[in-house]
Amino acid sequence: MNFKKIPFEQNTLTALSDEQIAAAKKEFGDIYLIQVDGLCVYMHAPDRRIIDLAQTSAVKRPSLFEETIIINCWLAGNKEVLDESNPRLFYAVARKVSEIVQVADAEVKKL
């Protein structure tokens, strides 16, 4: 089974089956489930293009970093977590984005 990612605006999936998760893992690598107040968001890890877009977006408003990551890595879920009328849900999900945007540890040595 191949996983076909649906653009966020057209995506109406609220959950992924085990088969869809397995197919998405083949396509994107790690898949994440974030849950808050019984609502779910399924995401894949961002690539450099998405991170660059998020950093550029954050210049206007800092929370756009997380929102851009969420929207561009969205596979399925309850879109009400992004509803501006309930920032509590958004910021709960946004706080977990840092666990998805992982970077390796690096060392600097002055020579």
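**Note on cysteines and nonpolar cores**

1. The count of disulfides in this structure comes to 0, and it should be kept in mind that the model under discussion is a predicted one. A disulfide is a covalent bond between the sulfur atoms of two cysteines. The sulfur of C40 has its closest cysteine sulfur in C73, at 17 Å, and this is too far for a bond, because a pair counts as a disulfide when the two sulfur atoms lie within 2.5 Å. Taken from the other side, C73 is likewise in no disulfide, the nearest cysteine sulfur being that of C40.

2. As to whether these cysteines are buried or exposed, C40 has a relative accessibility of 16% and therefore counts as buried, the cut-off being under 20%. C73, at 0% relative accessibility, counts as buried too.

3. The largest nonpolar core holds 23 residues, and within this core M43, I69, I70 and V81 touch the most other members. Two or more residues each come from strand 1 (31-36), strand 2 (39-44), helix 2 (48-57), helix 3 (64-73) and helix 4 (87-100), and of the elements helix 4 gives the most, with 6 residues.

4. I69, one of the residues that touch the most other core members, deserves a separate look. Leaving aside residues up to four places away in sequence, I69 touches M43, P46, I50, I51, A54, V97 and V101.

5. Besides the core just described there is a second, separate one of 9 residues, which includes A23, A24, C40 and A76. C40 is thus a member of this second core, as well as a buried cysteine whose sulfur is 17 Å from that of C73.

Technical notes
Residues numbered from 1 in each chain as written. Predicted model: local features only at pLDDT ≥ 70, side-chain atom pairs only at ≥ 80, totals over all residues. Heavy atoms only, no water. Core = buried A, V, L, I, M, F, W, Y, C linked by side-chain atoms within 4.5 Å. Buried < 20%, exposed > 50% of the residue type's maximum accessible area, 1.4 Å probe, protein only. Helix = DSSP H or I, 4+ residues; strand = E, 2+ residues; numbered from the N terminus. Contact = heavy atoms within 4.5 Å.
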